[in-house]
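Grab a pencil and work through these exercises with the structure open beside you. Try each task before you read its solution.

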Amino acid sequence: MKMKTNNLLIVATTIAMLLASCGKRDSRMLTIINEDGTCSREISYNVSEEGLMTKPDEPLRDENINFGTDWERTWSVTGEDSVRHPVPMTQKQLDSLKNAYPDQPIRYTVYLHAKRQFQSVSEMSDSLTRVIQMLFKAESKLDRHFKWFYTDYTFQETFSYPTSHSFPVPIEQFIGTDSASYWFTGQPDMTLGLNGAEQKELLDRIEPKVSQWLAVNFFAHVYQSIGEDYYDEVKNPPVSRERFLALRDSFFSVPAVLNINIDALDSGKQIINILRDFYHSDAYTPILQDNERLDSAIVNKYNGYKLLGMLNFPYDLVMPGKPIDSGIGIIDGDIIRYHLTGERLIPGTFTIAATSRVTNVWAFIVTLLIILLAVGSFFYRRK
């Protein structure tokens, strides 16, 4: 059976998605930190009809999101978040929504809101990686600094991508660390002092290198699968398995590899031609054409990237008191806004950090009383 073109296209589209940053799920997350160290988190997203009908005493599983019974669930019509209704939705409510929005699937008509209280920020982060099953790790900490008249709170939540699912070819082989971090996270800001034309020139220099890096990783996965899993099936190979694997990196400067069109339907044929030209042999063609297991192995390896691409949450943070430092976030009144997306985890860890300040009113009162007592004592002694 020939290698399924649609599966290779899924693989290619998945890795291209990371370049385009095109997560589709309409979701958001609200994190609230309290003065006593407790916290809460609410995750809102467009849910399936089955999810809306799930009973409170049953876990809710919807694609790669899994809420246990310890999460309080409500729903609202999209755009009307202030009006919340308990889950499960009744059949009458469901029928009413279908009548009101006949041309729109229920998933895009309502939001499900899942909220839970936590005793610590570490408990909250541990829970997140169990709820959002998209191959990432979250760790957080909260520090309090008492300064008499006020107390500063510093919160950090760090997200990372498991090394077991990392790209086989590091991006640093194509661009510098700062350029890679800027492309995927916006930090460090390399556009300071640049005008619009200069910013475009900067991005135009980075984008082709990122495209080449993605193309090389696409090729490396296919190549590695042949060498590690299926080389015994290659008839009359031009080199040994060990030599074949050792030569992998030699392809990373080959123009045909750097310029693989991973969006094309014939991406598999492109790899066949590359191997034929390099080894002057058609020995590897049957493996790429006829091995359904190879097809499956490649798709499975890319499943991690697919889940990474699905991670896409506007992240709102509310801290005790008034925010005074938002890190890479934007302060909007009492809310600090961030973007948590899968591609931001590619260069390394991605950290959301903020500091807020709570005024200790009692400290002013105590200080004033001390001053008044001191002044009163002074006049009392003079009498």
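**Exercise 1. Find which residue E72 faces, then describe the strands around it.**

Step 1. E72 stands opposite K115 in β7. Before going on, note that this is a predicted model, where local features need pLDDT of at least 70 and side-chain atom pairs count only at pLDDT 80 or more, while totals for chains, interfaces and linings use all residues. Residues are numbered from 1 along each chain as its sequence is written, and side-chain values use heavy atoms, with hydrogens and water left out.

Step 2. Now the strands: β5 (residues 72-77) pairs with β7 in the antiparallel sense, over six bridges. Strands here are DSSP runs of E with at least two residues, helices are runs of H or I with at least four, and both are numbered from the N terminus. Two strands pair if DSSP finds at least two bridges between them.

Step 3. Look along β5 for another facing pair: T74 stands opposite H113 in β7.

**Exercise 2. Work out what lies on the other strand paired with K115's strand, and how covered β7 is.**

Step 1. Strand β2 (residues 39-46) also runs antiparallel to β7, with eight bridges.

Step 2. On that strand, E42 stands opposite K115 in β7.

Step 3. Check the cover: seven of the nine residues of β7 (residues 110-118) are buried, meaning under 20% relative accessible area (exposed is over 50%, partly exposed is in between; 1.4 Å probe, protein chains only).

**Exercise 3. Put the strands in sheet order and find the edges.**

Step 1. Eight strands make an open, mixed sheet in the order β6-β5-β7-β2-β1-β10-β13-β12.

Step 2. β6 (85-86) and β12 (330-332) each have a single partner strand, so one side of each has no neighbour in the sheet.

Step 3. What holds neighbours together? Strands of a sheet pair through backbone hydrogen bonds, either parallel or antiparallel.

**Exercise 4. Name the strands that helix α4 touches.**

Step 1. Helix α4 (residues 121-131) packs on the sheet and touches β1 (27-33), β2 and β7. Contact means heavy atoms within 4.5 Å.

Step 2. The direction of α4 makes about 20° with that of β2. Axes are lines fitted to C-alpha atoms, for helices over the stretch in contact, and angles run from 0 to 180 degrees between N-to-C directions.

**Exercise 5. Sum up the whole protein.**

Step 1. Count the elements: there are twelve helices and 14 strands.

Step 2. Buried residues make up 45% of the 383 residues.
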